[in-house]
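Please open the structure in your viewer and keep the selection panel at hand. The tour moves from one selection to the next and says what is there.

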Amino acid sequence: MFDTHKVEIEWGGRPLTLETGKIARQADGAVLATYGESVVLATVVSAKEAKPGQDFFPLTVNYQEKTYAAGKIPGGYFKREGRPSENETLVSRLIDRPIRPLFPDGYKNETQVVLTVIQHDLENNPDILSLVAASAALTLSGVPFMGPIGGARVGYINGEYVLNPHVDEMPETALDLIVAGTSEAVLMVESEAKELSEDVMLGAVMFGHKSMQPVIDAIIQLAEAAAKEPREFAAPDHSALEKEMLSLAEADLRDAYKITDKAARYDAVDAVKTKVKEHFAPAEGEEPTYSKEEIGAVFKSLQAKIVRWNILDTKGRIDGRDLSTVRPIVSEVGLLPRTHGSALFTRGETQAIVVATLGTGEDEQYVDSLTGTFKATFMLHYNFPPYSVGETGRMGSPGRREIGHGKLAWRAIRPVLPAADQFPYTLRVVSEITESNGSSSMATVCGTSLALMDAGVPLGKPVAGIAMGLIKEDDRYAVLSDILGDEDHLGDMDFKVAGTTEGITALQMDIKIDGITEEIMNIALGQARDGRLHILDEMGKALSESRGQLGEFAPRIEVMTIPTDKIRDVIGTGGKVIREIVEKTGAKVNIEDDGTIKIASSSAKEIEAAQKWIHSIVAEPEVGVIYEGTVVKVADFGAFVNFFGPKDGLVHISQLAAERVGKTSDVVKEGDKVWVKLLGFDERGKVRLSMKVVDQETGKEITREKSEG
């Protein structure tokens, strides 16, 4: 019944299986991919023709994790998977980025790639498997796709590169790097690193690229057996239109791209565009020779060519800089004095207001993932309002781009954050992009570093980020430092590097062409290092290290540890004791299962009161020590005194006073404040106290000489 085809290889010490023909047979391409025991279903559907007037390529990648894959039911009120999680959005972007450049220019048919995680073995992360499965499904689908591509995760453990580390190995690795590419070239890199050198990072990229080759071979083997006939697609030939447009607009466009101010440059380009449209507009009653979409597409490609030619010919850039100069930087901290930490970072026409907020354990974010629920103590949220580029637009929940840029900055900063036991705060950073012309994500990295240091967070070292670009035509190429928005759109590479003076903490690379070499990557990394060190110097003029103390409005957190068998005493029946501590002292109290207690308040007095209270509950009284107490009950044989937290003890009638006492009530009554010395414990463990050996006025012990005198 099923005409199935299957390929299996050993990859990174585990079996990788790609199977087609059994499931989702109505899709253009479908592959069931298994790695270890993690399973992903990849499907591809592409419309038979483009919508009329379509002027862009509508590609959508949807990565979705089903909770049943890990034997779970969704958390929350609705027991059904809802909107994509942050991780699902990030993995969708991760797969979109390397496959998008491999569709031919001019292909505008709506295309959807759906990756569904249907089983997770809790050992093999399904993101790399999904990337491989998407590549295989596209290669089989008959859709014009210049693949296949492969992908790999690279770890760095004890100075060795590790291919596709297991989920439980990730805490040990100094690197989490994902690389994707074709058999010839690298197309995408995404990584987080613990201040690693340029050489180690480049070595990891090349190790990953080499390690993915068996996967590409396996996809080709499957395609030879099961691929559909390639769809007929010929990219439209616009050479005649381009030639005519070039003769009309080249000089004006070259002049426009010599204007350094972004707004004025855009006005000049728009004027050329209007001139071109008027030239090609048909006379009344005539049919147009070229459609609006064709004219728009060719004009866009002409813009790219003119910028690229200018840079390669003159080694000068749109805004007058040379290839390696960084735009002017202005850094400011303490912009918003009532917040816990704030910074304004401006680099050329890119600007971010970044605000850091310190919170307590109550502010941690619970994140549900297939591998389990975990608590996030560092959050970085990036906002890109339309006014930042002088436009109007939709405002609402964050889009894929905002989530992706925020995560890149998060990866750059996380390796230098203090350990939780040294700095027990929950951190939230918000970056508001107020102006944008090139790499607002790297401005976010710089601003975050400054805002956290302004808040008194003891960062290991300041972190800065820079975006690099590439223009490549045949054998000629130019690597650009600190790219403008136009250089990003019209160039061949977007290469973002963040790090400290010591090394790289995050590297993200997207390449739009096949053929970037190790040599070019090496030059880009070296140039990025020089740029990063320059930016760190400029940031240091505002603040070079973390402030020695927290801001006036930040909460203070003290950490104490109690024996685990005392946790129930501090919490009390139904939480009664801990609620009383919080209500009476005003401090927030958070108890972990290991006996760690975090006490938070903006008032030192409140923290001290809560600490004393908890200490009195868990500490044991010491024999021979004098305590102040309160008489809680009077009996014929003596008085019971509450002297140490909730502890009571008996002052026997013989220990009430130096002289003989007839009745207990002659000496004390309920509610009296008295001084007592802990004599010890009787054979039944009962507490024995004495009042007669303590001066009830001063609370000092009465020496034998004094009592005899």
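What follows is a walk through a predicted model, with a stop at each selection.

Begin by colouring the protein chain by pLDDT, which averages 89 over the chain, with 99% of the residues scoring at least 70. Then select residues 705–709, where pLDDT stays under 50 and for which the model has two contacts beyond four places in sequence. Where pLDDT is low, the predicted coordinates should not be read in detail.

**The strands β1, β2 and β3**

Next, select residues 5–11, which form strand β1, together with β2, and you will find the two paired in the antiparallel sense over seven bridges. Within this pairing, look for glutamate 8, whose bridge partner in β2 is threonine 17. The hairpin of β1 and β2 has two residues between the strands, and if you select glycine 12 there, you are looking at a residue that takes a positive phi near 60°.

Now keep strand β2, residues 14–20, on its own and show what surrounds the strand: six of its seven residues are buried, so β2 is largely enclosed by the rest of the structure. Add residues 29–35, strand β3, which pairs with β2 in the antiparallel sense over four bridges. Here leucine 18 stands opposite alanine 33 in β3.

**The annotated aspartates**

For the next stop, select Asp488 and Asp494, which are covered by the annotation "binding site" in an unreviewed UniProt entry. Which elements hold them? Aspartate 488 lies in helix α10, residues 485–490, while aspartate 494 is found in strand β20, residues 493–499.

Stay first with aspartate 488, which counts as partly exposed because its relative accessibility is 23%. If residues up to four places away in sequence are left aside, aspartate 488 touches Ile483, Asp494 and Lys512, so that the other annotated aspartate is one of its contacts.

Then move to aspartate 494, whose relative accessibility of 8% is under the 20% limit, and which therefore counts as buried. Show its surroundings, again without residues up to four places away in sequence, and you will see contacts that include Ala467, Met468, Ile483 and Asp488, along with Gln508, Met509 and Asp510.

To finish, display the side chains of aspartate 494 and lysine 496, and find the polar contact between them, at 3.1 Å.

Terms used:
Residues are numbered from 1 along each chain as its sequence is written. This is a predicted model: local features need pLDDT of at least 70, side-chain atom pairs count only at pLDDT 80 or more; totals for chains, interfaces and linings use all residues. Side-chain values use heavy atoms; hydrogens and water are left out. pLDDT is the predictor's confidence in each residue, from 0 to 100. Contact means heavy atoms within 4.5 Å. Buried means under 20% relative accessible area, exposed over 50%, partly exposed in between (1.4 Å probe, protein chains only). Two strands pair if DSSP finds at least two bridges between them. UniProt positions are given in the numbering used here, feature names are shortened, and annotations may be inferred rather than shown by experiment. A polar contact is a pair of N or O atoms within 3.5 Å; within protein, one must be able to donate a hydrogen and the other to accept it, and residues adjacent in sequence count only if both atoms are side-chain atoms.
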